[in-house]
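Student: I should like to learn how to read pockets and charged pairs in a protein model. Could we begin with the chemical character of a pocket lining?

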Amino acid sequence: MPSEETETLADQAYRHVRTAIASGELAPGQKVTERGMAERLAISPTPVREALRRLELDGLIERIGPRTVLVAAIRDAAIDDLAEVEVGLRGLVARFAARHATAAQLDALDTVLDRADDLLILAKERRRQGQPADRHLADLLDTMQEFNDTVNACAHNPVLVRMLEQSRVFSRPHRRELVLRKVAEDDTFGLERYTSHRALVRALRAGDSATAERLALEDAQGGLAALRETPRAGGDTP
């Protein structure tokens, strides 16, 4: 696997284009040029060329010329495949975490969830009083990302975690944007999965890798399914 140092720009271009395809910003049949995408991302064409090669292997684009591709018409099926990979890797991370998490890391997970609980209470109270809770909800999302990152660290498997990062259907910024949009529409969004985080920590403490993997799989499947229900935006892209 290419190192982050040598493939950083290519990875960024890959994630950007893949997220645009997943969100519908790049529609099936839409033409994308290496030069146009390089200008959009303010990078040279070389990393864009590498990113497009990877996306072609993923089945997300079809090449129609040396420097031009089309977004594949089979986008939904290909995104389904990518989502399955991401979900599976999240389950593997949890399985490894159940085997290798330290006591200090497990305590840190509980501390993060305690902080998340407090933020959720504050957000609900402000909503009840008819006051804006955007800041508290944004802080809650950041706290839950901290929880996920701590679970990743518990796996003590940097190769697996790097594979997970590279397999994301939505980039972190775009996922955050989608979640905030969903929460603005429905302040109960995601709460049915939120309670599973305490159960995951209990499974990690017990060293129960099967239960930890199952909980992580269910959470990842539910989260991706909910985000992919977000209406897709259109738009012209080079």
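Tutor: Let us begin with the residue classes: Ala, Val, Leu, Ile, Met, Phe, Trp, Tyr, Cys and Pro count as nonpolar, Asp, Glu, Lys and Arg as charged, and the others, Gly among them, as polar. Please keep in mind that this is a predicted model. In the second largest pocket, the lining divides into 2 nonpolar, 8 polar and 8 charged residues.

Student: Which residues lie nearest the centre of the second largest pocket, and how many line it?

Tutor: The lining has 18 residues, and Gln 12, Arg 15, His 16, Ser 171 and Pro 173 lie nearest the centre. The volume of this second largest pocket is about 410 Å³.

Student: Which element gives the largest share of that lining?

Tutor: Helix 1 does, with 9 residues. The elements that give two or more residues are helix 1 (4–23), helix 7 (158–166) and helix 8. Domain 1 (9–74) and domain 2 (77–228) each contribute at least three residues to the lining of the second largest pocket.

Student: What is the volume of the largest pocket, and what classes of residue line it?

Tutor: The largest pocket has a volume of about 950 Å³. Its lining comprises 22 nonpolar, 8 polar and 11 charged residues. Of the 41 lining residues, Leu 141, Met 144, Asn 148, Arg 193 and His 197 are the closest to the centre. Helix 6 gives the most to this lining, with 10 residues.

Student: Let us turn to charged pairs. How should one read a salt bridge?

Tutor: Side chains of opposite charge can pair when their charged atoms come close. The count for this model comes to 25 salt bridges. In one of them, Asp 110 pairs with Arg 205, with the closest N and O atoms 2.9 Å apart. This pair links distant parts of the chain, since Asp 110 lies in helix 5 (residues 103–128) and Arg 205 in helix 10 (residues 196–205), 95 residues apart.

Student: Where do the partners lie in the salt bridge between Arg 181 and Glu 177?

Tutor: Both lie in helix 8, 4 residues apart, about one turn of the helix. Their closest N and O atoms are 2.9 Å apart. Arg 181 is partly exposed, at 32% relative accessible area, and Glu 177 is also partly exposed, at 41%.

Student: Which residues do salt bridges with shared partners join into one network?

Tutor: The network consists of Asp 107, Asp 110, Asp 114, Asp 117, Arg 198 and Arg 205.

Note on methods
Residues numbered from 1 in each chain as written. Predicted model: local features only at pLDDT ≥ 70, side-chain atom pairs only at ≥ 80, totals over all residues. Heavy atoms only, no water. Salt bridge = Lys/Arg side-chain N within 4 Å of Asp/Glu carboxyl O. Buried < 20%, exposed > 50% of the residue type's maximum accessible area, 1.4 Å probe, protein only. 1 Å grid on protein atoms, 1.4 Å probe; cavity = no way out; pocket = protein on both sides within 12 Å on 5 of 7 lines; lining within 4 Å. Points joined across faces, edges and corners; volume = space filled by probe spheres on them. Domains from an automatic or database assignment.
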